[in-house]
Amino acid sequence: MERSGRWTIRRVRSAVIATVLSTSVLLGGYAASAKDNKKVEVYPLPVVDEKQPGSEQLPPPDKIVGGSAATAGEFPWQARIARNGSLHCGGSLIAPQWVLTAAHCVQGFSVSSLSVVMGDHNWTTNEGTEQSRTIAQAVVHPSYNSSTYDNDIALLKLSSAVTLNSRVAVIPFATSADSALYNAGVVSTVTGWGALTEGGSSPNVLYKVQVPVVSTATCNASNAYNGQITGNMVCAGYAAGGKDSCQGDSGGPFVAQSSGSWKLSGVVSWGDGCARANKYGVYTKVSNYTSWINSYVGTVTPTSTPVPGTPVPTSTPVPGTPVPTSTPVPGGSLQNGGFESSASWVQSPSNIISTTRPRSGSYSAFLGGYNSGTDNIYQSVTVPSNGVLRYYWYMSTQESGSTVYDRLYVRLYNSSGSLITTLRTWSNASTKNTWTLDTISLSAYAGQTVRVQFVGTTDSSLTTSFFVDDVTLQ
């Protein structure tokens, strides 16, 4: 069987790609009628080698099959890798100066011909949100096998760090602790500008498609890939076909929701055709490469406490715009994390700090507990080197079931109040009636002055209350 990466027409891969790669070397609840009365708890009812320019004679890349157009900014970690200005591959921003992609998108190409664009949606027009960078260093995994696509993973160091905002954000990548993301049936999302049909043309805007993970045994069956799937690969799709990544999506993100936020679990790698029956999409299993990634990038992977319930995408819009009630405090070490006074925290409205349910001491931050509300509490800090944000959260609700109505967001904003990223999203479907510790690495933001902000939103029906306490950043 012939196979190919999703940067070119897969059934013709073997002759064309073999020629290209032969010239390459390693490239190295609560209730009240008004907010002010919310006080009573209602219990729940250096690239190593470069090809010579001019030798890259490859078919043009083409998009997601069976999916739909994404909303601008819905997947802010999506990178577009261009070759000589044209669409080439996808990638994922895992740190402000590092993009994770597929090895076959990098090996055999002149680094000077490649560039990365972040903040893009319609790649054919200038939308004013794009940030372009050249490549300072490309590193292909040392065990990458261009014949089998085993270890099909590579890192691109950008010429300078990008500016993080609502359209450009890093995504945490899966580690060995995230094995559940690879269980058969877990619905994951693939994004890219690749072909809508096998051999088709490229769309102008970013596309997305949801596909379920398929077991390795199923993917290795004789009517599928007949034993060619290794432990470094994960398959996803439908036996009947119809939904898949395709040519031009190579290197792009394969993401799943974990503990209320997105995680990068795979890299678009290869497949036989696009969306064919029993020919699932094959993705590089990112959790196998944590140590290798961190050896170049540094420790950038947040850890999380798994919670049951329906997770909420980090791209879900939050109603209301946070309005500070006072001038933000200057950046520095996080102070008064136990909320024992109002010092250092900006509250909107002004009564977030409450005696209702402290974990320790006499106070905690109380968000929600009334209908149709948006509560904010934040503090401006300068993130230390290898900084880790730790906090405890608690949720009580009148809601039942797994449908999400009310949310607690943990976010970073810049000093001007623009959203950088949503670190966590908890909801009425998350763990109930217990204090839970969450730990998030902020090393990717070391040296930056940011607002650590907790945002609670509630709908117009049954109430949910969220509490936060014992916040540290060290």
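Q: Buried means under 20% relative accessible area, exposed means over 50%, and partly exposed is in between. In this predicted model, why does Y391 count as buried?
A: The relative accessibility of Y391 is 0%. Since this value is under 20%, Y391 counts as buried.

Q: Why is the pair formed by the rings of Y391 and F454 called edge-to-face?
A: Two rings pair if their centres lie within 6.5 Å, and planes over 60 degrees apart count as edge-to-face. The ring centres of Y391 and F454 are 5.4 Å apart and their planes stand at 65 degrees, so both conditions are met and the pair is edge-to-face. The structure holds 14 aromatic pairs.

Q: What makes the pair of Y391 and F454 a tie between parts apart in sequence?
A: Y391 belongs to strand 19 (residues 388–397), whereas F454 belongs to strand 23 (residues 449–457). The two parts are 63 residues apart in sequence, so the pair ties them together.

Q: How do you know whether F454 is buried or exposed?
A: F454 has 0% relative accessibility, which is under 20%, so F454 counts as buried.

Q: Which residues does F454 touch, not counting residues up to four places away in sequence?
A: Among them are W345, L367, I377, Y391, L408, V410, V468 and V471. The polar residues D375 and N376 are also touched by F454.

Q: Which residues touch the most other members of the largest nonpolar core?
A: I293, L389, Y391 and F454 do so, in a core of 104 residues. This core draws at least three residues from domain 1 (68–297) and at least three from domain 2 (346–473). In soluble globular proteins, nonpolar side chains tend to be buried together.

Q: What are the buried residues of helix 3 (residues 290–297), and where do they pack?
A: T290, W292, I293, N294 and V297 are the buried residues of helix 3. They pack against strand 4 (86–95), strand 5 (98–101), strand 7 (131–140) and strand 8 (154–158). After helix 3 comes G298, with a positive phi near 95 degrees.

Q: What joins the side chains of D438 and Y391?
A: A polar contact of 2.7 Å joins them. This distance is within 3.5 Å, which is the limit for such a contact. The side chain of D438 makes another polar contact, at 2.9 Å, with the side chain of R424.

Q: Why does D438 count as buried?
A: D438, which lies in strand 22 (residues 436–441), has 0% relative accessibility. As 0% is under 20%, D438 counts as buried.

Q: How do you know that the charged end of R359 sits over the ring of Y392?
A: The charged end of R359 is 3.5 Å from the centre of that ring, which is within the 6 Å that is allowed. The charged end of R451 sits over the ring of Y378 at 3.8 Å from its centre, a distance that is also within 6 Å.

Q: Which residues do ring pairs link into a cluster?
A: The cluster holds F366, Y394, W435 and F467. F467 is in strand 24 (residues 464–473), and with 0% relative accessibility it counts as buried. F467 and R357 are 110 residues apart in sequence, but their C-alpha atoms are 7.3 Å apart in space.

Q: Why does T421 count as buried?
A: T421 has 9% relative accessibility, which is under 20%, so T421 counts as buried. T421 is placed in strand 21 (residues 419–427). Its C-alpha is 5.8 Å from that of A169, although 252 residues separate T421 and A169 in sequence. Not counting residues up to four places away in sequence, T421 touches A169, V170, R411, L412 and Y445.

Q: Why is S344 called partly exposed?
A: The relative accessible area of S344 is 21%, which lies between 20% and 50%, so S344 is partly exposed. S344 is in the loop between helix 3 and strand 15. Although S344 is not a glycine, its phi is positive, about 80 degrees. N336 lies in the loop between helix 3 and strand 15, and N336 has a positive phi of about 55 degrees without being a glycine.

Q: What joins S348 and P349?
A: A cis peptide bond does, with omega about -5 degrees. P349 is in the loop between strand 15 (346–348) and strand 16 (353–354).

How values were computed:
Residues are numbered from 1 along each chain as its sequence is written. This is a predicted model: local features need pLDDT of at least 70, side-chain atom pairs count only at pLDDT 80 or more; totals for chains, interfaces and linings use all residues. Side-chain values use heavy atoms; hydrogens and water are left out. Rings of Phe, Tyr and Trp (its six-membered ring) pair if their centres lie within 6.5 Å; planes under 30 degrees apart count as stacked, over 60 as edge-to-face and the rest as tilted. Helices (H or I, at least four residues) and strands (E, at least two) are DSSP runs, numbered from the N terminus. Buried means under 20% relative accessible area, exposed over 50%, partly exposed in between (1.4 Å probe, protein chains only). A charge sits over a ring if NZ of Lys or CZ of Arg is within 6 Å of the ring centre and within 35 degrees of the ring normal. Contact means heavy atoms within 4.5 Å. A nonpolar core is a set of buried Ala, Val, Leu, Ile, Met, Phe, Trp, Tyr and Cys residues joined through side-chain atoms within 4.5 Å. Domain bounds come from an automatic or database domain assignment. A polar contact is a pair of N or O atoms within 3.5 Å; within protein, one must be able to donate a hydrogen and the other to accept it, and residues adjacent in sequence count only if both atoms are side-chain atoms.
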